[in-house]
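Open the model in your viewer and keep the sequence panel in view. The tour has two stops: a pair of helices, then some cysteines.

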Amino acid sequence: MDPSCQQAMSQNGKAPLPIHFSGNGKAIGILTSGGDAQGMNAAVRAVVRMGIYVGSKVYFIHEGYQGMVDGGDNIAEAKWENVSSILQVGGTVIGSARCKQFRTREGRLQAAHNLVKHGITNLCVIGGDGSLTGANLFREEWKGLLKELTEGGKIDKKTAHKYSHLNIVGIVGSIDNDFCGTDMTIGTDSALHRIIEVVDAIMTTAQSHQRTFVLEVMGRHCGYLALVSALACGADWVFIPESPPGEGWEDQMCQKLSENRSRGTRLNIIIVSEGAIDRDGQPISSNIVKDLVVKRLGYDTRVTILGHVQRGGTPSAFDRILASRMGIEAVLALLEASPETPACVVSLSGNQAIRVPLMECVQMTMDVQKAMDEGRFDEAVKLRGRSFENNLNTYKSLAHRKIPTHQPTVQFNVAILNVGAPAAGMNAAVRSAVRTGISEGHRMLAVTDGFDGFMKGNIKEIKWGDVGGWTGQGGSLLGTKRTLPGDNRKAVADQIRLHNINALLLIGGFEAYLGLLELLAGRAKYDEFCIPMVMVPATVSNNVPGSDFSIGADTALNAITDTCDRIKQSASGTKRRVFIIETMGGYCGYLASMSGLSAGADVSYIFEEKFDIHELQSNVEHLTAKMKTSVQRGLVLRNECCSENYTTDFIYQLYSEEGKGVFDCRKNVLGHMQQGGSPSPFDRNFGTKISAKAMQWISGKLKEYYRQGRVFANCHESACLLGMRRRTLVFQPVSQLKEMTDFQHRIPKEQWWLDLRPLMKILAKYKISYDLSNAGQMEHVDRRTHENRNTIAI
């Protein structure tokens, strides 16, 4: 189902983009500049293929601005096959270099001449704020540069008139996530993967020897990597430049480490951003922290400086999808640009691609640094954006137990249970809920083995220290089953009454959703269910209505993408081979679709997009034509329940038969490996933040519904699902979500990611139309930054 093929004109008046749309008739140049970041190659691939798709010539500009100034072979036309097999490669295949010459008028004059020679007046720059600021200056000087070239006799007036305007679109590639105006920059998620891999490995050896480890991560001016990795691994202490520790931090940190050891913890993790400072602006290095711990506590302490390992390795699934979306959006922005349009940056806001004026972003980024230089640290944190501020507040609340100034008049009992299949990140969500609840003054109860354990009374108190080290654990440490209350609601009600449970938090997938609906329906018969109840979505299938994302889906997506990379690599020495891969997800095609985009699949078959034998035959013909090029391998993904009759075996046999003499086939069923493994940084962070917010909601509802010595909540708003919708975390009554649910197939009736399906087909060279109504809209960074919203950005 291509939305672009279904409608001739979108609601905003933009028509679908046909395959031979020629844009503004000018060529597109693409360069990467500044520090490299994983995912840059995915952006390069997307710009090249989208540019060719719309009928433009696309040119590589090798070695960044240096290549633009030097010209010659550094500027070369890009063909479709040139960007094959780069999706999974880190760094940038077209090179990046610092260029002093471009900072001079003479250098920019030579660069302009080289661009005009190739008819390039659309420029896509992938880099940091310095690279993008340089591009904007180049754009502002363009007319003057062409005039100077004309007066010097290097170009004629006709040429100067034809190429009279330079369009600039920026894509931010920076592992530090230090650029204001976007929730995430390309490379950040991959860098977090590298950090968390190291932290997880260090934690095992640290526990063996009862050691303290001090990890130094990148972030000279921005503490994002340090903060989020600390949140994702449950570090004891973190140092970041935006929020220096207060006076007496040395005593406070050592006391915290000592308290943790006294509770039986065998290790301590301290994370230091390379730009960390104290309130007086003096550096706090990893060695300073180590020496302090050794001197004050005598602990065996080691320092690990991660360095450039954070820039290396293959990009994560998140970065590949982000970069691909940004690359396509950049081409659309260039096609729509005019002399009156400001140079823009393609950004991510929630799960939406938007465009933001470049210089507004640069100014906001400079304002952050200025606030830090002047000691206005609280303001610097706010200028970083709501996501950064929320991360910091969540870390503080979970890492440092608050001592209540006064005991609550009533101590409520809140029960937590996992329901359905296990999903990576569930344990991080439980840890967050337990510690947030304790901080709110509640008594937290853990239910073992879901509703099955609930009925049997497997309920006991869980304390602050009991959930230490849970963030990096896969599966469900509480235990989980698919059992629903069903006809056994009386047994559940009895346990609620017996343990005096005042509120309920469910963490799980579609079974948790069904279970909550059953409890809601049971209120008519059992008053015990008249308590605040909230669900947090956690399932690899990402099929829960009311939320665009579920805990565990990102980890599964990375597992599929990694496997696809290895499978494709296995064909590097064997030409003309097509791989058929079956993914999980039930009837939901999220994993098959998004892994298809992140792994560079040729096609993915899903239940939501009906297909028949004619389309299967067309896909075989497409792959047959592909085998005649220099790219002689194919990747086909199939969601496990996409069709009752077109099974994985059927598709494998069909492709094998039709491809005889042209290509051979192999098939793989990935199975439950998609549910296992250590949770990704995204799932750890998302689970942590969404559960903390769920517990805060419960606290508010308990106070609201406490009357005459008991909690009684009988309205629909007291049984909610907390989900991420577009850009915001939203509490939605589950009774209202019933209308949005296809219960037979256990999926939402509308799913946002279906709009991304055409992108995979465009990048795989299918001749389809693309609906421009999906293109991003221009927004302003100052308004977005101060919006009171919670983004999904990790």
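Angles between helix axes under 35 degrees count as roughly parallel, over 145 as roughly antiparallel, 65 to 115 as roughly perpendicular, and the rest as oblique. Keep in mind that this is a predicted model.

**Stop 1: two helices**

Select residues 613-626, which form helix H21, and residues 648-658, which form helix H22. Their axes come within 10 Å and cross at roughly 50°. H21 and H22 are therefore oblique to each other. The crossing of these two helices, H21 and H22, is right-handed.

Now show the side chains where the helices touch. On H21, pick Ile613, Leu616, Gln617, Asn619, Val620 and Leu623. On H22, pick Phe650, Ile651, Leu654, Tyr655 and Glu658. Of the residues in this contact between H21 and H22, eight are nonpolar, two are polar and one is charged.

**Stop 2: the cysteines**

A disulfide is a covalent bond between the sulfur atoms of two cysteines. How many disulfides does a search of the whole structure find? The search finds zero.

Select Cys588 and look for a partner. The closest cysteine sulfur belongs to Cys641 and lies 11 Å from the sulfur of Cys588, which is too far for a bond; the cut-off for a disulfide is 2.5 Å. Cys588 counts as buried because its relative accessibility is 0%.

Move on to Cys641, which is in no disulfide either. The nearest cysteine sulfur to that of Cys641 is in Cys642, 8.2 Å away. Is Cys641 buried or partly exposed? Cys641 has a relative accessible area of 26%, so it is partly exposed.

Definitions and conventions
Residues numbered from 1 in each chain as written. Predicted model: local features only at pLDDT ≥ 70, side-chain atom pairs only at ≥ 80, totals over all residues. Heavy atoms only, no water. Axes fitted to C-alpha atoms, helices over the stretch in contact; angles between N-to-C directions. Helix = DSSP H or I, 4+ residues; strand = E, 2+ residues; numbered from the N terminus. Left-handed = near helix turned anticlockwise from the far one by under 90°. Contact = heavy atoms within 4.5 Å. Nonpolar A, V, L, I, M, F, W, Y, C, P; charged D, E, K, R; others polar. Buried < 20%, exposed > 50% of the residue type's maximum accessible area, 1.4 Å probe, protein only.
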